[in-house]
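Visitor: Please show me the model, and then let me ask how its labels are earned.

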Amino acid sequence: MNVFEYQAKEAFRDNGIPTPRGVVIKSIEEVESAVNEISLPCVIKSQILRGGRGKLGLIKFVKTMEEAQKVAKELFASEYNVQILLIEEAVQMDKEVYLAVTVDPVTSKAMFIACAEGGVEIEILAKETPEKLITVQVDLAEGLGAYHINNLIFGLGLTGDIAKQFGAMARNLYKTFRACDANLAEINPVFITKDEKVIAGDGKLIIDDNSIPRQPKFPLMREYFDTQVEYEANVEGLPFLQFDGDICLMCAGAGLTTTVYDLVSDFGGTVATYAEFGGPNYTKAVRTMELVLQHPSKVILVITFGTIARADVMAQGLVDAIKIHKPSIPIVTCIRGTGEEEAFKILRDAGIEPLTNTEEAVQRAVDIAAGRV
Ligand code: GDP
Ligand code: MN
């Protein structure tokens with residue numbers, strides 16, 4: 001899970017990393033007091049979950065209150081669905097450095113990546129002159145040693161008090177990385193100011209999805225998602241994606257759902273919604289249907305194969321969901337696995353034909369969506 005820059009910077013500050021002073025706002029009415037608090041000139045930074053904001057014109061310097069009002073209005077109205085702005089003091093910087101801690105999937109170690117030339121061109125630099133990147137691996141069990149930090153500092157050619165401050169920042173970034181169960185903790189740029197201060201100019205933090213329950217500081221926020229229904233599905237813990245096709249998949253199991261998606265495409269159909277109510281969610285058919293019906297589709301295709309997730313429970317859930325939500329579109333089912341005899345009976349008693357062949361069920365749904373049935 002990717003979190004906003006202002007949240008990454010909060011985590012940085014909690015772990016001793018200096019950041020510019022900033023105020024978060026969610027409406028144009030808050031601009032004046034935020035700018036007054038930070039004082040001019042300041043930087044207005046769009047909080048969206050993607051990088052490259054500088055190049056997209058979503059990071060703006062302002063010198064006057066009028067300019068701040070105008071820029072904030074434009075950013076809130078931009079095509080990038082900006083709902084939060086971070087108003088920050090403008091830092092007079094001399095140099096931009098890149099610093100990150102991530103996971104090296106090859107060695108299963110933590111890995112620092114640093115570069116003396118940070119900033120918005122780092123991706124291009126990494127591609128064209130990768131030898132300018134310094135990497136230092138840290139064995140997670142051994143932990144961070146002074147030599148790791150020294151290797152970074154020497155590699156970047158830093159000396160004196162700047163080296164000392166940068167070393168502390170690197171140690172604290174590693175601390176943040178571990179404390180937040182992060183896959184990535186990145187500062188690009190690290191500002192080195194004319195008066196020799198080392199400050200985190202930007203912040204990016206990706207929390208390991210499996211650790212979200214351990215990280216109550218980062219609750220799911222509506223602003224992370226494009227639509228209300230995607231947000232609600234995620235809060236519910238239901239894997240849920242929206243597309244602009246015809247067939248709504250209400251399936252169980254990531255592998256099976258993905259296979260069904262492929263089969264739909266293979267048979268000439270298109271997917272409207274990818275919703276998965278398997279695993280720990282196998283009792284949530286009613287809620288899943290409530291969510292999927294909020295997105296238009298022509299047919300609901302239910303394909304499940306449960307082992308611990310019982311077929312009869314999912315079939316009963318589906319029947320209950322139909323009673324409650326009364327979908328106006330047809331439903332095709334192929335519900336298999338533990339308790340399937342009972343599941344078939346439940347479906348038949350409710351007037352639903354239980355298919356037992358996945359490809360036949362997919363073909364039926366594709367035909368319905370195409371108006372052939
Ligand atoms: P990103 O493009 O999404 O990575 O957004 P950043 O927060 O990194 O901002 C983009 C660029 O704007 C940075 O690389 C800096 O060059 C510049 N920038 C942002 N804030 C300041 C600031 O306070 N002072 C100065 N001088 N430049 C800044
Ligand atoms: Mn950046």
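Guide: Start with a cut-off: a polar contact is a pair of N or O atoms within 3.5 Å. Keep in mind that this model is predicted.

Visitor: What makes the pairing of R53 with ligand 1 a polar contact?

Guide: An N or O atom in the R53 side chain is 2.8 Å from an oxygen atom of ligand 1. The limit is 3.5 Å, so the pair counts.

Visitor: How do you know that G54 and D202 make polar contacts with ligand 1 as well?

Guide: Apply the 3.5 Å limit again. G54 uses a backbone N or O atom, 2.7 Å from a ligand 1 oxygen. D202 uses a side-chain N or O atom, 3.1 Å from a ligand 1 oxygen. Both pairs therefore qualify. As for cover, the protein takes 87% of the 560 Å² of accessible area that ligand 1 has on its own.

Visitor: Why is ligand 1 said to sit in the largest pocket?

Guide: The test is that more than half of a molecule's atoms lie within 2 Å of the pocket's grid points. Ligand 1 is assigned to the largest pocket, so it passes.

Visitor: What makes up the shell around ligand 1 by class?

Guide: Nine residues are nonpolar, five polar and five charged. K45, R53, G54, V91 and E96 are the closest of the 19 surrounding residues.

Visitor: Which strand gives the most to that shell?

Guide: β9 does, with three residues. β3, β4 and β6 each supply at least two.

Visitor: Why is ligand 1 placed between domain 1 and domain 2?

Guide: Domain 1 (21-89) and domain 2 (93-214) both give residues to its shell, so ligand 1 lies between them.

Methods:
Residues are numbered from 1 along each chain as its sequence is written. Chains are lettered from A and ligands numbered from 1 in the order in which they are written. This is a predicted model: local features need pLDDT of at least 70, side-chain atom pairs count only at pLDDT 80 or more; totals for chains, interfaces and linings use all residues. Side-chain values use heavy atoms; hydrogens and water are left out. A residue is near a molecule or strand if one of its heavy atoms lies within 4 Å of it. A polar contact is a pair of N or O atoms within 3.5 Å; within protein, one must be able to donate a hydrogen and the other to accept it, and residues adjacent in sequence count only if both atoms are side-chain atoms. Accessible areas come from the Shrake-Rupley method with a 1.4 Å probe; for residues, only the protein chains shown count as cover. On a 1 Å grid over the protein atoms alone, a cavity is a set of points where a 1.4 Å probe fits but cannot get out, and a pocket is an open set with protein on both sides within 12 Å along at least five of seven lines; lining residues have an atom within 4 Å of a point. Helices (H or I, at least four residues) and strands (E, at least two) are DSSP runs, numbered from the N terminus. Ala, Val, Leu, Ile, Met, Phe, Trp, Tyr, Cys and Pro count as nonpolar, Asp, Glu, Lys and Arg as charged, and the others, Gly among them, as polar. Domain bounds come from an automatic or database domain assignment.
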